[in-house]
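Hi,

Here is the structure I promised to pass on. Have a look at it first, and then read my notes below.

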Amino acid sequence: MSDYPLASLDPQFYELEGEKYGMVFDCPNCGVPGGVFFTNSIPSNKNIRPAGIHWQRTGDTPETMSLTPSVKMYGHFHSWIRNGMLSVDSLFECLPK
Ligand SMILES: [Zn+2]
C-alpha cells in the first residue's frame with residue numbers, strides 16, 4: 001500500500017459553466033490519466049452529468065478531497081481518496097508502455 005498526495009498527480013477538473021463536475025488525475029505508477037464524475041459539483045452540489053458512475057465528494061480542492069466509494073482505475077490500481085490523499089491498496093497492474 002502506498003499513499004500519494006492527489007495534488008501531485010496533475011489533477012484537472014472537468015468544468016461546465018463554472019461548475020466543476022469531475023476530475024482527471026494521473027496514475028502514480030505509469031502516468032496514464034483516469035477520471036471520476038462527482039454526484040455533487042463544485043460549488044453548487046449539482047449532478048451535472050447524470051449518466052454513468054459517480055462519486056460522492058467532500059472537499060473542494062485536490063488538497064482536501066474525499067470520494068465515496070473507492071476508486072478503481074481499471075488496468076492500473078484500486079484506491080481510496082481521502083483527505084487529499086490517494087491510498088493505493090492493490091498492486092499496480094499497469095500495462096507496459
Ligand atoms: Zn498505471
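Let me start with one residue pair: Phe13 has Met23, in strand 3, as its bridge partner. Keep in mind while you look that this is a predicted model.

That pair belongs to a longer stretch of pairing. Strand 2 covers residues 12–16 and strand 3 covers residues 19–26, and the two run antiparallel, joined over five bridges. Together they make a hairpin with two residues between the strands. One thing to check on your screen is Glu17 in that turn, where phi is positive, at about 50°.

The hairpin is part of something wider. Strands 2, 3 and 4 make up an open sheet, in the order 2-3-4 and with antiparallel pairing. Strand 2 and strand 4 (33–42) are the edge strands; each has a single partner strand, so one side of each has no neighbour in the sheet. Going from one strand to the next, the twist averages 25°. As a general reminder, the strands of a sheet are held in pairs by backbone hydrogen bonds, and the pairing can be parallel or antiparallel.

Now for the chain as a whole. How many helices and strands does the protein chain have? There are zero helices and nine strands, so reading from the N terminus you just get β-β-β-β-β-β-β-β-β.

On overall dimensions, the C-alpha atoms fill a box of roughly 40 × 25 × 20 Å along the principal axes. The radius of gyration is 13 Å, which agrees with the value near 13 Å that a compact globule of 97 residues would have. Of those 97 residues, 21% count as buried. As for contacts between residues at least 6 apart in sequence, 33% of them join residues at least 24 apart.

Last, a glycine I looked at separately. Gly75 sits in the loop between strand 7 (71–73) and strand 8 (77–82). Is Gly75 buried or exposed? It falls in between: Gly75 is partly exposed, because 13 other C-beta atoms lie within 10 Å, and a residue needs 20 or more to count as buried and 12 or fewer to count as exposed. Which residues does Gly75 contact, leaving aside its neighbours within four places in sequence? Those are Glu93, Cys94 and Leu95. Asn47, on the other hand, is 28 residues from Gly75 in sequence and 27 Å from Gly75 in space, C-alpha to C-alpha.

Cheers

Conventions:
Residues are numbered from 1 along each chain as its sequence is written. This is a predicted model: local features need pLDDT of at least 70, side-chain atom pairs count only at pLDDT 80 or more; totals for chains, interfaces and linings use all residues. Two strands pair if DSSP finds at least two bridges between them. Helices (H or I, at least four residues) and strands (E, at least two) are DSSP runs, numbered from the N terminus. Two residues are in contact if their C-beta atoms, placed from the backbone, lie within 7 Å. The radius of gyration is taken over C-alpha atoms; the globule rule is 2.2 Å times the number of residues to the power 0.38. Axes are lines fitted to C-alpha atoms, for helices over the stretch in contact, and angles run from 0 to 180 degrees between N-to-C directions.
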